[in-house]
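Here is a short set of exercises to work through with the model open in your viewer. Try each task before reading its solution.

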Amino acid sequence: MTRHLDREIERLKEGVLGLSALVEESVYRAIRAVEECDPALAQLVIDEDTTIDQREVLVEEECLKILALYQPVAIDLRFLVAILKLNSDLERIGDLAGNIASRAKGLAALPRPTEPIDFGPMFAAAKGMLRGALASLVELDTKRALEVIRSDEALDDLNRANYRAIKQLIKDNPNDLDPLLHYLSVSRNLERIGDHCTNIAEDVVYMMEGKIVRHRVDEAW
């Protein structure tokens, strides 16, 4: 029975890693669509969200099947609980990439604002968090996961700075309201991607060490 359980868990890991790769590509494409004002690339991200949703359901069903058939305990049970949680976060990141892509399409259909927002630092921070969260999952690396959790505040700071800048630009250039609102949404969605990356990193820590670091992360450092 243990051998069968091990095989099922390995198959589950492959499914989660496949979903992770799809989500990562979706986020990167959405960011490129904003940077390049590329509506075709944005539409590709939106269209692929259905595939991400389907893969998320398959991973969840596989988890539930393993729980029902094998009634795992200890580290195997912890692993399955963590996978169920981070699976949902991966699907939500896919949704947020779709939201960013929708905003990219909106921006492409409008004149560029008088003073565009430089999203370079925020794009880099969000991609770094996503890359770190997925690497911590692939490598089961608690140290990398904690680095992701620590970096969330920096992304929040960038979002707040964007909010202040966009608020001022709307006052100074009211004719640019529509594109600036798209920028504001892009910033918010990037910040929320960071939140879900943090959740994934917390689940990796739980998976490896059995520690729930949510709400008390400083103790884990």
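**Exercise 1. A ring cluster**

Task: In this predicted model, decide whether F119 is buried or exposed, then find which aromatic pairs F119 forms.

Solution:
- Step 1. Begin with accessibility. F119 has a relative accessibility of 3%, so F119 counts as buried; the cut-off for buried is under 20%.
- Step 2. Look for a ring partner. F119 pairs with F123, with 5.4 Å centre to centre and 25° between the planes, and this pair is stacked. Planes under 30 degrees apart count as stacked. F123 is buried as well, at 4% relative accessibility.
- Step 3. Look for another partner. F119 and Y183 also form an aromatic pair, this one tilted, at 5.6 Å centre to centre and 50° between the planes.
- Step 4. Place this pair in the chain. F119 sits in the loop between α3 and α4 while Y183 belongs to helix α6, so the pair ties together parts that are 64 residues apart in sequence. Y183 is buried too, with a relative accessible area of 6%.
- Step 5. Put the pairs together. The structure holds two aromatic pairs, and ring pairs link F119, F123 and Y183 into a cluster.

**Exercise 2. Two helices side by side**

Task: Work out how helix α1 is oriented relative to helix α4, and which residues make their contact.

Solution:
- Step 1. Recall the two quantities to look up. Two packed helices are described by the angle between their axes and the distance between the axes.
- Step 2. Read off both for this pair. The axis of helix α1 (residues 2-36) comes within 11 Å of the axis of helix α4 (residues 120-139), and the two cross at roughly 175°.
- Step 3. Interpret the angle. Angles over 145 degrees count as roughly antiparallel, and α1 is therefore roughly antiparallel to α4.
- Step 4. List the contact. From α1 come V16, L17, S20, E24, V27, Y28, I31, V34 and E35, and from α4 come F123, K127, L130, R131, L134, L137 and V138.
- Step 5. Sort these residues by class. The contact has eleven nonpolar, one polar and four charged residues.

**Exercise 3. The nonpolar core**

Task: Find which residues touch the most other members of the largest nonpolar core, and which element gives the largest share of this core.

Solution:
- Step 1. Start with the members. The largest nonpolar core has 62 residues, of which L12, I83 and L190 touch the most other members.
- Step 2. Ask where the core comes from. Two or more residues are given by each of α1, α2 (39-70), α3 (74-108), α4, α5 and α6. The largest share, 13 residues, is that of α3.
- Step 3. Zoom in on one residue. Not counting residues up to four places away in sequence, I83 touches L12, V16, V59, C63 and M207.

**Exercise 4. Around M129**

Task: Find what M129 touches beyond its sequence neighbours, then compare the surroundings of T198 and T142.

Solution:
- Step 1. Locate M129. M129 is in helix α4 and is buried, with a relative accessible area of 3%.
- Step 2. List its contacts. Leaving out residues up to four places away in sequence, M129 touches V148, S151, D152, L155, G194, C197 and T198.
- Step 3. Follow the contact to T198. T198 lies in helix α6 (residues 177-209) and is buried at 8%. Beyond four places in sequence, T198 is in contact with M129, V148, I149 and D152.
- Step 4. Turn to T142. T142 is part of helix α5 (residues 142-172) and is buried, with a relative accessible area of 14%. Beyond four places in sequence, T142 is in contact with V205, M208 and E209.
- Step 5. Add the distances. The C-alpha atoms of T142 and M129 are 14 Å apart, with their positions 13 residues apart along the chain. Those of M129 and R78, 51 residues apart along the chain, are separated by 24 Å.

**Exercise 5. Positive phi in the loops**

Task: For C37 and L140, find the value of phi and where each residue lies.

Solution:
- Step 1. Check C37. Phi of C37 is near 50°, a positive value in a residue other than glycine. C37 lies in the loop between α1 and α2 and, at 28% relative accessibility, counts as partly exposed.
- Step 2. Check L140. Phi of L140 is near 50°, again a positive value in a residue other than glycine. L140 is found in the loop between α4 and α5 and, at 31% relative accessibility, counts as partly exposed.

Definitions and conventions
Residues are numbered from 1 along each chain as its sequence is written. This is a predicted model: local features need pLDDT of at least 70, side-chain atom pairs count only at pLDDT 80 or more; totals for chains, interfaces and linings use all residues. Side-chain values use heavy atoms; hydrogens and water are left out. Axes are lines fitted to C-alpha atoms, for helices over the stretch in contact, and angles run from 0 to 180 degrees between N-to-C directions. Helices (H or I, at least four residues) and strands (E, at least two) are DSSP runs, numbered from the N terminus. Angles under 35 degrees count as roughly parallel, over 145 as roughly antiparallel, 65 to 115 as roughly perpendicular and the rest as oblique. Contact means heavy atoms within 4.5 Å. Ala, Val, Leu, Ile, Met, Phe, Trp, Tyr, Cys and Pro count as nonpolar, Asp, Glu, Lys and Arg as charged, and the others, Gly among them, as polar. Buried means under 20% relative accessible area, exposed over 50%, partly exposed in between (1.4 Å probe, protein chains only). A nonpolar core is a set of buried Ala, Val, Leu, Ile, Met, Phe, Trp, Tyr and Cys residues joined through side-chain atoms within 4.5 Å. Rings of Phe, Tyr and Trp (its six-membered ring) pair if their centres lie within 6.5 Å; planes under 30 degrees apart count as stacked, over 60 as edge-to-face and the rest as tilted.
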